[in-house]
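User: Hi! I'm new to this one and would like a quick tour. Could you pull it up for me?

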Amino acid sequence: MTYDLNITFDDNLITGNKTIDTQHKELIDRIQNFLTACQNGDSKVKAIKMLDYLDEYTNFHFKEEEKLQENVGYPGRETHHEKHEEFKKTIQVLYEYLNDYEGPTDQFSELVQKNVIDWLFGHIKTNDRSVAEFIFIRENPDLL
Ligand SMILES: [Fe+2]
C-alpha cells in the first residue's frame with residue numbers, strides 16, 4: 001500500500017453553522033499538517049509536535065461544539081459526547097504509534113484512514129450536521 005493520506009475540507013462537509021464549519025476547517029488543516037509530517041519523513045519530534053497541535057485543537061473544538069449543544073438544549077448531547085471521546089481515544093493511539101514510529105506502515109495508514117479521516121467525515125455529515133440544523137431551527141423559529 002502506498003502511503004497517500006490526505007484530508008481536505010470541501011463543500012460536502014458544510015454543516016451550515018458558521019462556528020462549527022470554521023472550526024472544522026482548522027481541525028482538518030491540523031490533521032493534514034500531522035499527515036504531512038509523517039509522510040515527509042520529517043523527524044519524529046516534528047510529527048509529535050503536529051499531533052500535539054491537533055490534540056490541542058480537537059479538545060478545544062469538541063468543548064465548543066458541546067457548549068453550543070448545551071446552550072440550545074440539543075437532545076443528542078450524550079451520544080455526541082461519546083463520539084467525541086472515541087476520536088480522542090484515537091489520538092491517544094496515534095501517540096502510542098509515534099513512540100516507536102519508523103515511518104508509515106500499512107497498519108498506520110489503515111488506522112488513520114478509518115479512524116481519523118473516514119470517522120471525521122462521517123461524524124461531520126451526520127452528528128454535526130444534525131446539531132447545526134437543530135441550532136438553525138432554534139434560532140429561526142419563524143421560518144418553519
Ligand atoms: Fe461533533
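Analyst: Happy to. This is a predicted model. A good place to start is with two residues, F34 and F108, which are both buried.

User: Nice. How are the planes of F34 and F108 arranged in their aromatic pair?

Analyst: F34 and F108 pair edge-to-face, with 6.5 Å from centre to centre and 65° between the planes. F34 sits in helix α1 (residues 18-39) and F108 in helix α4 (residues 106-139), so the pair links parts of the chain 74 residues apart.

User: And what kind of pair do Y97 and F108 form?

Analyst: A tilted one: the centres of Y97 and F108 are 5.8 Å apart and the planes meet at 55°. Because Y97 belongs to helix α3 (residues 77-99) and F108 to helix α4, this pair ties together parts 11 residues apart in sequence. Together, F34, Y97 and F108 make up one aromatic cluster.

User: Why does Y97 count as partly exposed?

Analyst: Because its relative accessible area is 21%, and buried means under 20%. F108, at 0%, is buried.

User: Switching topic: which residues coordinate the iron ion?

Analyst: E65 (OE), H80 (NE2), H84 (NE2), H123 (NE2) and D128 (OD), at 2.0 to 2.3 Å. Along the chain, these donors follow the spacing E-x14-H-x3-H-x38-H-x4-D.

User: Where do H80 and H123 lie?

Analyst: H80 is in helix α3 and H123 in helix α4, so that pair ties together parts 43 residues apart in sequence.

User: Are those two buried or exposed?

Analyst: Buried: H80 has 2% relative accessibility, and H123 has 3%.

Technical notes
Residues numbered from 1 in each chain as written. Predicted model: local features only at pLDDT ≥ 70, side-chain atom pairs only at ≥ 80, totals over all residues. Heavy atoms only, no water. Phe/Tyr/Trp six-rings, centres within 6.5 Å; stacked < 30°, edge-to-face > 60°. Helix = DSSP H or I, 4+ residues; strand = E, 2+ residues; numbered from the N terminus. Buried < 20%, exposed > 50% of the residue type's maximum accessible area, 1.4 Å probe, protein only. Donors = N, O, S within 2.8 Å, 3.2 Å for Na, K, Ca; no water.
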